[in-house]
Amino acid sequence: MSDDATPGADAAADRDDDLTHTDAAGDVQMVNVGDKPDSARRAVARGTIHLTESTVEAVRGNELKKGDVLATARVGAVQAVKHTWETIPMCHQIPITNVDTEFAVHDDRIDLEVAVETTGTTGCEMEALEGVTTGLNVVWDMVKAAEKDATGGYPDTRITDAEVVSKEKTVLQ
């Protein structure tokens, strides 16, 4: 390496070669999936919203003024899955064949897992992530009056650990 070389530049160049949404000039482009075979696909994502114990109890007891928090968050998650292509610029519009949402309510947090299924030429992990993040944002919106402190802040509220936990792909014959 010469004295004027940037450390890590070779590694960064290798990563750039793997970027699928940019062309040789670095311009953003949508990936062409037209020549790929149809596959049955499934992706699962999960995330967590941390809340005060009193808020979680109010969610469990359906005692919040805005209504049923988990039912509303489930609708928001499914709606977000179906509209991912409208909010993430390089996502393809895909036929969603199934969406499952599962909440786990703990003393100080609510976990959400979203599973998405499709049949087509591209995956559905972004749809699963979009479902998780929107579902958890809906929870926050529904409980924000209970979570606010005296200054209007949310010191105990946070969304964490949004991640894809699995992807499956089976090429159809």
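## Overall make-up

Of the 173 residues in the protein, 32% are buried, and the model in which they are described is a predicted one. The surface that the protein exposes comes to about 10400 Å², and carbon and sulfur atoms supply 48% of that area.

The secondary structure consists of 5 helices and 4 strands, and, read from the N terminus on, these elements follow one another as α-β-α-α-α-β-β-α-β. Among the contacts in the protein with a separation of 6 or more, 73% are made by residues that lie 24 or more positions apart.

## The sheet

The 4 strands form an open sheet in which the order is S2-S3-S1-S4 and the pairing is antiparallel. At the edges lie strand S2, residues 96-105, and strand S4, residues 158-171, each of which pairs on one side only. On average, and with direction ignored, neighbouring strands of this sheet are turned by 15 degrees against each other. As a general point, the strands of a sheet pair through backbone hydrogen bonds, and they may do so in a parallel or an antiparallel way.

How many bridges join strand S1 to strand S3? Strand S1, which covers residues 39-50, and strand S3, which covers residues 109-120, run antiparallel and are joined by 12 bridges; within this part of the sheet, Arg-42 has Glu-117 of S3 as its bridge partner. S2 and S3 also pair in the antiparallel sense, in their case over 9 bridges, and here Val-105 has Ile-110 of S3 as its bridge partner. The link between S2 and S3 is a hairpin that joins them through 3 residues.

## Helix packing

Helix H5, made up of residues 125-147, packs on the sheet described above, where it touches S1, S2, S3 and S4, and the direction of H5 makes about 25 degrees with that of S1.

H5 also packs with helix H3, residues 69-82, at an angle of about 145 degrees, and the axes of these two helices are 7 Å apart. In general, two packed helices are described by the angle between their axes together with the distance between the axes. The crossing in which H3 passes H5 is right-handed. Which residues make this contact? On the H3 side they are Val-69, Thr-72, Ala-73, Gly-76, Ala-77, Ala-80 and Val-81, while H5 contributes Glu-127, Glu-130, Gly-131, Thr-134, Gly-135, Val-138, Val-139, Met-142 and Val-143. Sorted by class, the contact of H3 with H5 has 9 nonpolar, 5 polar and 2 charged residues.

## A buried serine in S1

Ser-39 lies in strand S1. Is this residue buried or exposed? Ser-39 counts as buried because its relative accessibility is 0%, which is under the 20% below which a residue is called buried. When residues up to four places away in sequence are not counted, Ser-39 touches Thr-118, Thr-119, Gly-120, Lys-169, Thr-170, Val-171 and Leu-172.

## Two loop positions

Thr-52 is found in the loop between S1 and helix H2, the latter covering residues 53-60. Although Thr-52 and Tyr-154 are 102 residues apart in sequence, the separation from C-alpha to C-alpha is 9.9 Å. With neighbours within four places in sequence left aside, Thr-52 is in contact with Asp-107, Glu-147 and Asp-156.

Gly-123 has its place in the loop between S3 and H5, and, with a relative accessible area of 21%, Gly-123 is partly exposed. The C-alpha atom of Gly-123 is separated by 9.6 Å from that of Cys-91, a residue 32 residues apart from it along the chain. Leaving aside neighbours within four places in sequence, Gly-123 is in contact with Arg-41 and Ile-94.

## Positive phi values

Most residues other than glycine have a negative phi. Asn-62, however, has a positive phi of about 50 degrees although it is not a glycine. Asn-62 is located in the loop between H2 and H3, and it counts as partly exposed because its relative accessibility is 44%.

Asp-161, which is likewise a residue other than glycine, has a positive phi near 60 degrees. This residue, Asp-161, is found in strand S4, one of the edge strands of the sheet. Since the relative accessible area of Asp-161 is 52%, Asp-161 is exposed.

Note on methods:
Residues numbered from 1 in each chain as written. Predicted model: local features only at pLDDT ≥ 70, side-chain atom pairs only at ≥ 80, totals over all residues. Heavy atoms only, no water. Buried < 20%, exposed > 50% of the residue type's maximum accessible area, 1.4 Å probe, protein only. Contact = heavy atoms within 4.5 Å. Areas by Shrake-Rupley, 256 points an atom, 1.4 Å probe, with all protein chains shown as cover. Pairing = 2+ DSSP bridges. Axes fitted to C-alpha atoms, helices over the stretch in contact; angles between N-to-C directions. Left-handed = near helix turned anticlockwise from the far one by under 90°. Nonpolar A, V, L, I, M, F, W, Y, C, P; charged D, E, K, R; others polar.
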